[in-house]
Amino acid sequence: MALFEKAPAKVNLSLDVLGRRKDGYHDVEMIMATIDLADRIELTSIEEDEVEVSLWSRYVPNDERNLAYKAAKLFKKAYGISKGVHIKIEKNIPVSAGLGGGSTNAAAVLRGLNKLWDVKVPLVELASLGMEIDADVPFCVFGSTALARGRGEIIKKLPSPPSCWVILAKPDIGVSTKSILQRVNSDQISHPNTEEIINALDTKNFSNICKYIGNSLEEVTMSIYPEVKRIKEKMANAGADGVLMSGSGPTVYGLVQHHNKAQRIYNGMKGFCHDVHIVRILG
Ligand code: ATP
């Protein structure tokens, strides 16, 4: 029997790096929102005690380096499951894009196996298990809009932004989050005003959301990849009300309230880079 689980991408409404901890990890504060661009995960239980991954992507391995594989191994070990699973991933989320593709696959596998094998673990437990895979997995287990703190494991649900359209534009490069974080000095980067974004979400104030969205990693990524800066300028000139790089990049997104405007910006960005999408934020 096969079970299907959606694995939606996220955008960062904020990403603040507060400092480096003694253990080498960074303390962060991030507001993330799930969008309706999703991978599709198919899970089939098999009798052999194995985890198999199949997917068609030049950029993603199908072995133990795959975060979906790691999630299945971890789940089996944590709950003493001797059955195995075949994981088929249909990739729609651009890879190494700042949209959390690997983390959302891992989260979907944790949620899916919980149902497939009828283990009935609460999401909060799956989220803390997910932290062993990647810092964005706990958020992805819950989805919607939330504030993530600590290394990413302290999750507080927030109201979703008012109905709007998101135009995603990704230049033809992949960015490694690790290499960007290695260059961050929290005393030298700008810090978004997370409180103001939370206020804007609480009051459903779209123009303040657009005004205050911010990402500490933007300048670092842009200093290495100037095309990210050019895409951000292009998106702002095209009329997006709020424009920001997501995660460690390179995807830049623009926020608008009306579909006609989103379509115009999409058409303009299409002439500039070929990986462009119009999506919505999932409530
Ligand atoms: P984040 O914003 O969380 O840093 P990202 O969107 O920038 O993530 P991913 O798409 O998750 O980046 O890919 C980052 C790396 O993870 C790539 O090197 C990719 O090969 C690897 N990876 C492992 N498993 C997966 C998976 N299931 N899907 C996508 N990438 C994966």
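Helices are DSSP runs of H or I with at least four residues, numbered from the N terminus. In these terms, helix α2 contributes four residues to the shell around the ligand, which is the most that any element gives. The model described here is predicted.

The protein is divided into two domains, domain 1 covering residues 2-157 and domain 2 covering residues 165-280. Their C-alpha centres are separated by 23 Å. The contact between the domains draws on 26 residues from domain 1 and 33 residues from domain 2. On the side of domain 1 that touches domain 2, strands β1, β2 (26-46) and β5 (145-150) each provide at least two residues. Strand β1 has the largest share of that side, with ten residues. By residue class, the side of domain 1 that touches domain 2 consists of 14 nonpolar, eight polar and four charged residues.

The ligand is surrounded by 21 residues, and the closest of them are G101, G102, N105, T177 and G247. Both domain 1 and domain 2 give residues to this shell, so the ligand lies between them. At least two residues of the shell come from each of the helices α1 (67-78) and α2 (101-116). Eleven residues of the shell are polar, eight are nonpolar and two are charged.

A "binding site" annotation in UniProt, from an unreviewed entry, covers P94, V95, S96, A97, G98, L99, G100, G101, G102, S103 and T104. Two of the annotated residues were examined individually. G101, which is among the residues closest to the ligand, lies in helix α2. G101 has 27 other C-beta atoms within 10 Å and is therefore buried, the threshold for a buried residue being 20 or more. Apart from neighbours within four places in sequence, G101 makes contact with A9, D39, I93 and V95. S103 is also found in helix α2. It has 26 C-beta neighbours inside 10 Å, so S103 counts as buried. Beyond four places in sequence, the contacts of S103 are L67, D134, D136, V137 and C140.

The same kind of record, an unreviewed UniProt entry, lists K10 and D136 under "active site". These two residues span 127 residues in sequence, yet their C-alpha atoms are no more than 9.7 Å apart, so they gather at one spot. K10 is part of strand β1, which runs over residues 2-20. Because K10 has 30 C-beta neighbours inside 10 Å, it counts as buried. When neighbours within four places in sequence are left aside, K10 is in contact with M32, A33, T34, I35, L99, G100, T104, F139 and C140. Among these contacts, L99, G100 and T104 also belong to the annotated "binding site".

D136 is placed in the loop between α3 (123-130) and α4 (137-142). With 27 C-beta neighbours inside 10 Å, D136 likewise counts as buried. Not counting residues up to four places away in sequence, D136 touches G100, S103 and G152. G100 is thus named among the contacts of K10 and among those of D136.

Helix α1 also supplies residues to the shell around the ligand. For the twelve residues of α1, a rise of 1.5 Å a residue predicts a span of 16 Å, and the end C-alpha atoms are 16 Å apart, which agrees. The buried residues of α1 are L67, A68, Y69, K70, A71, A72 and F75. The elements covering these buried residues include β2, β3 (51-55), β4 (84-90) and α2. One of the buried residues, L67, is a contact of S103. After α1 comes G80, whose phi is positive, near 60°.

A contrasting environment is found at I154, in strand β6 (residues 154-157). I154 has 12 C-beta neighbours inside 10 Å and so counts as exposed, the limit for an exposed residue being 12 or fewer. Leaving out residues up to four places away in sequence, I154 touches A148 and R149. I154 and F139 are 15 residues apart along the chain, and their C-alpha atoms are separated by 8.7 Å. F139 is itself one of the contacts of K10.

Conventions: Residues numbered from 1 in each chain as written. Predicted model: local features only at pLDDT ≥ 70, side-chain atom pairs only at ≥ 80, totals over all residues. Near = placed C-beta within 6 Å. Nonpolar A, V, L, I, M, F, W, Y, C, P; charged D, E, K, R; others polar. Domains from an automatic or database assignment. UniProt positions renumbered as here; feature names shortened; annotations may be inferred. Contact = placed C-beta atoms within 7 Å. Expected span 1.5 Å × (residues − 1).
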